[in-house]
Every structure is written in C-alpha cells, then in structure tokens.
Amino acid sequence: MVDSLTPVLTKRWLSPRSWTIKTYEQLEGYTALRKALGAHPDQIIQQCKDSGLRGRGGAGFPTGMKWGFIPQGDGKPHYLVINADEGEPGTCKDIPLMMADPHSLIEGIIITSYAIRANFAAIYVRGEALHCIRRLDGAVKEAYAAGYLGKDILGSGFDLDVVVHAGAGAYICGEETALLDSLEGKRGQPRLKPPFPATAGLYASPTVVNNVETIASVPFIVNGGSDWFRTMGRERSPGPKIYSLSGHVTRPGQYEAPMGTTLRELLELAGGMKDGIPLKFWTPGGSSTPLFTADHLDVPLDFEGAAEAGSMLGTTALQIFNETVSVPWAVMKWTEFYKHESCGKCTPCREGTYWLVQILQRMVAGNGTASDIDTLLDVCDNILGRSFCALGDGAVSPITSGIKYFKDEFLALCDKNSAVLAGAH
Amino acid sequence: MTQTSEPSTVDLSVFDEDTVARARQLISRYPLSRSALLPMLHLVQSVEGYVSQAGIAFCAGQLDLSNAEVSAVATFYTMYKRKPCGEHLVSVCTNTLCAALGGDAIFAKLREHLGSEGKPLGQEETSGEPGTPGSITLEHAECLAACDLGPVLQVNYEFYDNQTPDKALELVTALQAGEKPAPTRGAPLTDFRQAELQLAGFFEGRESDLDGPSAAAETVRGARVAADNGWTAPSMSDDVAFPPVPEKK
Ligand SMILES: Cc1cc2nc3c(=O)[nH]c(=O)nc-3n(C[C@H](O)[C@H](O)[C@H](O)COP(=O)(O)O)c2cc1C
Ligand code: SF4
Ligand code: FES
C-alpha cells in the first residue's frame, strides 16, 4: 500500500536554502544527470515512455511519445522550451516549485535536452513571478559554474545553453504555440496546427514544449526507473502529482499524492472545509475544467477519472468554494477573465466572450431574464469546438457546468425580472 | 526603402550607453535576435517607467524592426505600461478565488484610498506624480499563481500573501510615506523600474536578493504532513538500469 502523500518533487522544499546548488547536491541533486549522460539518448526517451509520464501542463499528453516525435538526424537545431507561464486560474504549483527547487527543473532540462538532442533551451516564465525568475537565474548561473551547463557538460561532449525568459502578462502565452510566437518576440497568438512544434516549433525547428512539473519529474524517473514511477498512481496516469488546494479549506497548500487521489482524501489532509461551512463547488484542474460539486468528492483525480465524471484533470488546481459563494457570480468573474485574455485572433472566442460577460454581468446585477440562460448556452455552443485554440473551449466550461449543476441559482437571479423585462427586449 | 530607415523623429538620448550595452547583451542570448524583444521592452520600461514612443523606437533600432512591429507587440502584453507608472506598481488579484476571499474588497478599498476628490482611482491610474517618491499605480490583476495564499497582492511583482483590506491599506499607506515593507516571499522591495530591470534579466550585484524563505508555510504543507506521519514515496532500488536502446524501425 502506497502512503497517502508521496513527496517526490516537493520533498526538498522543506530543506533550508533548498534553492541553492549546495543543498541540491547534498540531496542527490545532479546524480541523475551523470547517469543519463552515460546512456544513449534513445534509452532515456524509451525509459520516459515506459514510465507512462504524462504532461502536467493540463492536457496530459504522454511525454516520452512527444520526445519521440522529434526527428533525429535531420540536420536542424532542436529546442526544448519549458512552459512556466502558469496562468490558469487556480494553478499555483510551478512557481513554488521553481522558487524552492529550481535545480530540479534545470537537471530535468539538461537530461531532456540530451535525450532530444537540443543544445538550446528556454524557460518561459510569466513575468509577474519576479522572485521565481531571480531564483532560476541564480540557479542557471550556479549550474554553469559547476559545469552542468555550457560546453562539453561533465566531459560528455554534450553542449547546452539555457536562457530564463520573462513573459509580459498574457495568459494565452501558456498555450504552447502562442508561447513560441511570444518567445520569438511576437504577439502571443496561437499558430495553426499542424505543423506541430515537434516538426516546426521555435524558429521553425523541431521543438519540445513541456510543463515545469513534467520536466522536474525526469531526474526522479532516471534515478528510480519506470517501474518505481509506476508504483504510484494508476495504470494510465502513473506517478505522483502536486495537488494545489485553495479557497475555503482549513489548510490550503500544495499536497503531493499519487495520481487518482480524491478530493475527500485531500480535504481530510487539509483539515476539512474552513470553519465547517459545507462544500458547494470546486474545480478539479483550474477554471477551464468543468466544475464539480459535493457529489464528486470520491472521483479519482487522474486523467481518466476526471474525464469519466464529466470534467478534466487539467492542472490539479483544486479551487474550493463553500456555500456562501454564488455560482453565477463566480462564473461571471471567470468569464471576465477569459474575455480579458482572449487574444482576439478568432471570432467565436473574441466576440463570444464579450457577449457572455455582458449577459452574466446583467444577470448578476439582477437584470437578467430567464431567456438569458438559453442565450448563454447558445453562445457557448458557438464557441466550444469552433475556436482556434483551447482557450475558447476553456472559457465555456464554468458556464455550462455552472448551469448544469446550479441552474436554479441562475433562474433565481432572473425570475423576479422576467415579467417586467421580458417584453422590453 | 526598408522600413527601418524611416526617419526617427524621437529623441533617444534617455537611453544611455549602459542601456545600449544591455540591449546588445540581450540580443546575444538568443539564437535569433528578435527573441530579445520582450526582455528589451522590460529594459526600456526600467529606464522610463513605461514603454514610450522613444522606447519603441529604441527597440526597433536595436532589432532592425519597424516601429509598427514593435508597437504591435508592446500593446499586446499587460505588463508593458503605456503611461508613466508610479514609484510602485500595486497589483491586486481579483480573479475568482482571491475575489471570493476578499480580493475585490481589497481592490475597492485601495481605489478609494488612492482616489481623490471622492473619485476612486481607476485601473492602471496613478496616485501622485508618476515616478516621484510615494507615487503609486494601482491595477487589478488576473490569477497570480498564488491561490493557496490568497487573497494576494503584489508590489513591483513581489508577493504579499494572505491579505485583508486593512493590511493592504496599511501597506499602501507605508509605501506612500516612503517606507518599503518587506514582501512575504521575495527580495527587499525596491521600485517598479528596478524590478523591470531584473525582468529584463539583469541582476548584477543583487545576489543577496536570492535569500528569503525557500517557500511559504502553505507551500510546504503537504510535505510537512507527510514528514510528520512518516509518509514517503516508495523507495528506489540502487541498481536501476535503462531499457535497451530501441531498434530503429
Ligand atoms: C489558454 C491555454 C493556456 C495554457 N497555459 C499553460 C501554462 O501556463 N503552463 C503549461 O504548462 N501549459 C499550459 N497550457 C498547455 C500547453 O499548451 C501545453 O499543452 C503544455 O505546455 C505541454 O506541456 P506538458 O505536455 O508537459 O503538459 C495552456 C493551454 C492553453 C490552451
Ligand atoms: S480561441 Fe480565443 S485565445 Fe484562442 S485563438 Fe481564438 S481568440 Fe485567441
Ligand atoms: S486567484 Fe488570486 S492568485 Fe490565483
């Protein structure tokens, strides 16, 4: 039986000055790199495939398979880009990871770059995370000084340069192709796929884009092996996962547990609901993943479990709201976010989010009508699946799920007006 | 005629030799020069406290781009400010989770406090003469990736965690009086322009800034519960071998 919490990525965070190379090396840091540089790059890709590691940035794509898509012997430069743009509302795991243990990410970057044969890697960090950028910059400098970065790393003949790149405040730049455009010095707007980044990514060359938590897991897989990784979690979603609990819980924070842990179990570890006020709704993986309710406390939180229950695992950002919070209000706030962050490239999302905000604001102000609910759903229907990128799909999640589980609350906001205002339209 | 040879009517003298040298250094970090544009916009913002027409022309000149190309990028991103900012930039998270915990109330309180003649301060407006000591630009921000510490706010992108309207008011009042209360996590507070210089990637002489706690108490809660209960991940064996090199298909 595996323990309820399985600190792997989060374990070093407890150590004093955990962000320094000194602490990191005392705690097995850079031992995986030495092993990896002694192996054939394809062995590392195979080991990652065998481990079943899936992307921690939201979509859960198998990481080893993604690395395997990079064409080899193509004569082009290859790139590794780390997505550290952490902007999905509720998500708060990557920034603390990089703040407390930046070297685990850097070691993962070196191993991954060696595996995919990249000699340049960039860490794209959201600009608002200044202290985290500082720690990353310090760690990169330490790694250069120790010979883990630069030319002929540890005498292996492998060269790698890493740059820490600060973004400038745009949620859409978390979408991997928008991120690449942004890193190229352009407006961060998504690209048409295909071609996928694996064939035409940064500067039109083969590129792997991976999330921080994904790549920070790599040194542990190298040291522990794929079977060890699979001792945690579930068959199709193996490994440990950082669950971020926020909102109306007694002890919010980061809890690293095996994939498939339920909210009921996590809540128990976090001291239950704050002040004993009952749970009303929650997001399993950020605001772009459809809401859950108190009926979903026992849903196993892995990629399959969340999907079977009608939502998505996303970034395991568990935002927890108690009975005092109005669902239409929360939905309105999230919709205002998507409207602000819509990049404007495609009409369904740009126009749709604008109208959704108008309707929701009117409703929450007490001026809605019952037909507004149908209008909302209708607009959502025109966004979902018809937008250029997944931001549009995410934008409708709070609305459709909110109405699905809490329709009465939306109706209650409108009822008092229906007689008066219905004719006014 | 190329666009870059358009006559420059703006005065670029505010960007001194050091800034030019830094711009060059940024370009050398990337395989292709244009990748230096985002950091370079942070750089010009560190000089002027916002991205001015001169700042745009400076970047365009350094990168061989047209002013229009640079301008299109600068206007896309929230962190590039189009009006001069105060000594400090205060950003209050008002995304749903923080808002439910008090973020909206914090923002309302600060707007009211920083406003004048009974009019609350608007989004991205500045109280005081921009750039002068004690001047403050206020904005509401989207989720700042610190929800477990909510409601949060930032001053010059340093975190002040677990805020209340009263605590936030006290903080802002201190800033106006020229004090620099320490952030919850992060380096000693400086000002908006110095923060922007660091975002451009220049940290010279600031090594002690790296100090401070490894993480907030909230961040390590799970790790702490595990340690207290003796819970660990399954142990690794000593002789882990890599799989064989896969055969080429
Ligand atoms: C609007 C939008 C925002 C996203 N933001 C992030 C983000 O901040 N961090 C991240 O890792 N992935 C984000 N993603 C997912 C990325 O597009 C991509 O799937 C991910 O970086 C791949 O890495 P992984 O396979 O390691 O998860 C976002 C996607 C969308 C559509
Ligand atoms: S869905 Fe929204 S964010 Fe994505 S491309 Fe279209 S407008 Fe831009
Ligand atoms: S909602 Fe405020 S930090 Fe995430």
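Both faces of strand β2(A) are covered in this predicted model. On one side sit A:Phe120, A:Ala122 and A:Tyr124, on the other A:Ala121, A:Ile123 and A:Val125, and every one of these residues is buried. That makes six of six residues in β2(A), which spans residues 120–125, so the strand is largely enclosed by the rest of the structure. A residue counts as buried here if 20 or more other C-beta atoms lie within 10 Å of its own.

What does β2(A) pair with? Strand β1 of chain A (residues 79–84) runs parallel to β2(A), and six bridges join the two. One pairing to look for is A:Ile82, whose bridge partner in β2(A) is A:Ile123. Strand β3 of chain A (residues 161–166) is also parallel to β2(A), again with six bridges. Here A:Val125 has A:Ala166 of β3(A) as its bridge partner. To get from β2(A) to β3(A), the chain passes through helix α7 of chain A (residues 130–145), and this β-α-β crossover is right-handed. A:Ile123 and A:Val125, the residues named in these pairings, are both on the side of β2(A) that also holds A:Ala121.

Next comes the layout of chain A as a whole. The domain assignment splits chain A into domain 1 (11–230), domain 2 (233–322) and domain 3 (327–420). The C-alpha centres of domain 1 and domain 3 of chain A are 36 Å apart. Still, the two domains do touch: eight residues of domain 1 of chain A are in contact with nine residues of domain 3 of chain A. On the domain 1 side of that contact, five residues are nonpolar, two are polar and one is charged.

Where does ligand 1 fit in? Both domain 1 and domain 3 of chain A give residues to the shell around ligand 1, so the ligand lies between them. The shell holds 22 residues, and the closest are A:Gly55, A:Gly57, A:Gly174, A:Asn211 and A:Thr214. Sorted by class, the surroundings of ligand 1 come out as seven nonpolar, nine polar and six charged residues. Two elements of chain A, β4 (207–211) and α17 (390–421), each supply at least two residues of this shell. The largest share, three residues, comes from β4(A).

Then there is the meeting of the two chains. Chain A puts 88 residues into the contact and chain B puts in 67. On the chain B side, helices α2 (37–48), α4 (67–74), α5 (96–114), α7 (192–199) and α8 (221–229) each supply at least two residues. The largest share of that side, seven residues, belongs to α8(B). By class, the side of chain B that touches chain A has 43 nonpolar, 14 polar and 10 charged residues.

One helix of chain B deserves a second look. Six of the eight residues of α7(B) are buried, so this helix is largely enclosed by the rest of the structure. The buried ones are B:Phe192, B:Ala195, B:Glu196, B:Leu197, B:Gln198 and B:Leu199. What do they pack against? Their neighbours come from both chains: α7 and β3 of chain A, together with α2 and β1 (88–93) of chain B. This brings back two elements of chain A from earlier, since α7(A) is the helix of the crossover and β3(A) the strand where that crossover ends. Just after α7(B), B:Gly201 takes a positive phi of about 105°.

Key
Residues are numbered from 1 along each chain as its sequence is written. Chains are lettered from A and ligands numbered from 1 in the order in which they are written. This is a predicted model: local features need pLDDT of at least 70, side-chain atom pairs count only at pLDDT 80 or more; totals for chains, interfaces and linings use all residues. A residue is near a molecule or strand if its C-beta atom, placed from the backbone, lies within 6 Å of it. Helices (H or I, at least four residues) and strands (E, at least two) are DSSP runs, numbered from the N terminus. Ala, Val, Leu, Ile, Met, Phe, Trp, Tyr, Cys and Pro count as nonpolar, Asp, Glu, Lys and Arg as charged, and the others, Gly among them, as polar. Domain bounds come from an automatic or database domain assignment. Two residues are in contact if their C-beta atoms, placed from the backbone, lie within 7 Å. A residue is buried if 20 or more other C-beta atoms lie within 10 Å of its own, exposed if 12 or fewer, and partly exposed in between; C-beta atoms are placed from the backbone. Two strands pair if DSSP finds at least two bridges between them. A crossover is right-handed if, with the strands pointing away from the viewer, the path from the first strand over the helix to the second runs clockwise.
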